[in-house]
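Subject: Structure handover

Hello,

Please find the structure below, with its sequence. My notes on it follow.

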Amino acid sequence: SLDPSGNIWIGTEGGGLDYLDISNEKFTHYKNIPDDPYSLGSNTVYAIYVDKTGTLWCGTTQGGLNKFDNRSKQFHRFLHSENDPQSLSGNSVFSICEDYLGDLWIGTSDGLNKLDRTTNKFKRYKHDSQNPESISDNNVWVIYDDGEENLWIGNFSTGLNLFDRIIEITMTQKV
């Protein structure tokens with residue numbers, strides 16, 4: 001993923017996060033450091049997204065959603081908490097998407113999440129076998145904003161969902 005200066009963020013499987021400064025062709029490596037809550041949440045990075053403000057967000061395996069503070073060079077982790085229904089729904093984050101309204105959507109191993117950036121709270125969308133308008137599977141691997149009212153949600157085993165973010169229901173499910 002590119003930042004606003006054209007520098008490159010690279011996620012690895014087990015090796016952490018790398019940043020390539022193209023002006024001097026030097027890499028900076030970021031890794032999880034046990035007992036350091038401001039390090040990268042996990043060394044396996046599945047999703048990288050640089051938002052409209054230039055903020056880096058990355059999704060890790062079992063390390064939650066990570067937001068990078070470029071000034072302090074530290075990460076803020078958003079994690080699942082059993083006691084907080086407004087926390088991230090799962091700690092393995094596979095996809096991140098900013099929609100045309102500026103809302104941040106996060107796909108996890110346990111559902112779709114919408115982050116309220118003012119409160120840092122999440123609204124969760126999960127599969128409900130009793131509700132045909134819910135997402136078809138909780139393993140959300142891909143999220144795509146179509147620039148209108150819809151998100152296209154790619155699930156691990158059940159295919160594609162067209163999710164209307166305004167009325168918050170799944171319109172179609174295709175396998």
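In this predicted model, three strands form an open sheet in the order β1-β2-β3, and their pairing is antiparallel. The edges are taken by β1 (8-11) and β3 (26-30); each has a single partner strand, so one side of each is left without a neighbour in the sheet. From one strand to the next, the twist averages 20 degrees. Strand β2 (residues 17-21) runs antiparallel to β3 and is joined to β3 by five bridges. If you want a residue pair to look at there, Y19 stands opposite T28 in β3.

Further along the chain, β12 pairs with strand β13 (residues 150-155), again in the antiparallel sense and over five bridges. Y144 is found opposite W152 of β13. The two strands β12 and β13 make a hairpin that has four residues between them. In the turn, G147 has a positive phi of about 80 degrees.

Next, the salt bridges. The search of the whole structure gave eight of them, and three are described here.

The first to look at is between R117 and D51, whose side chains meet at 2.9 Å, N to O. R117 sits in the loop between β10 (111-116) and β11 (121-125), and D51 in the loop between β4 (45-50) and β5 (56-60), so this salt bridge ties together parts that are 66 residues apart in sequence. Are the two partners buried or exposed? R117 counts as partly exposed, because its relative accessibility is 31%. D51 has a relative accessibility of 6% and therefore counts as buried. The pair also belongs to a network of salt bridges that links D51, E98 and R117.

Another salt bridge joins K126 and D110, with 2.9 Å between the closest N and O atoms. K126 is in the loop between β11 and β12 (140-145), while D110 is in the loop between β9 (104-108) and β10, so the pair ties together parts that are 16 residues apart in sequence. K126 is partly exposed, at 35% relative accessibility. D110 is partly exposed as well, with a relative accessible area of 25%.

The remaining one of these three brings us back to the hairpin strand β12. D145 forms a salt bridge with R165, and the closest N and O atoms are 2.6 Å apart. This pair links distant parts of the chain, with D145 in strand β12 and R165 in the loop between β14 (159-164) and β15 (169-174), 20 residues apart. How accessible are D145 and R165? D145 counts as buried because its relative accessibility is 13%. R165 is buried too, with a relative accessible area of 5%.

Last, the surface. There is a nonpolar surface patch of about 500 Å², made by Y100, L101, I166, I167 and M171. One of these residues, I167, lies in the loop between β14 and β15, and that loop also holds R165, the partner of D145.

If you open the model with these notes beside you, I suggest this order: the open sheet β1-β2-β3, then the hairpin of β12 and β13, then the network of D51, E98 and R117, and finally the patch with I167.

Regards

How values were computed. Residues are numbered from 1 along each chain as its sequence is written. This is a predicted model: local features need pLDDT of at least 70, side-chain atom pairs count only at pLDDT 80 or more; totals for chains, interfaces and linings use all residues. Side-chain values use heavy atoms; hydrogens and water are left out. A salt bridge is a side-chain nitrogen of Lys or Arg within 4 Å of a carboxyl oxygen of Asp or Glu. Buried means under 20% relative accessible area, exposed over 50%, partly exposed in between (1.4 Å probe, protein chains only). Patches are made of residues with over 30% relative accessible area and no salt bridge: like charges are joined within 9 Å, nonpolar side chains (Val, Leu, Ile, Met, Phe, Trp, Tyr) within 5 Å. Accessible areas come from the Shrake-Rupley method with a 1.4 Å probe; for residues, only the protein chains shown count as cover. Two strands pair if DSSP finds at least two bridges between them. Axes are lines fitted to C-alpha atoms, for helices over the stretch in contact, and angles run from 0 to 180 degrees between N-to-C directions.
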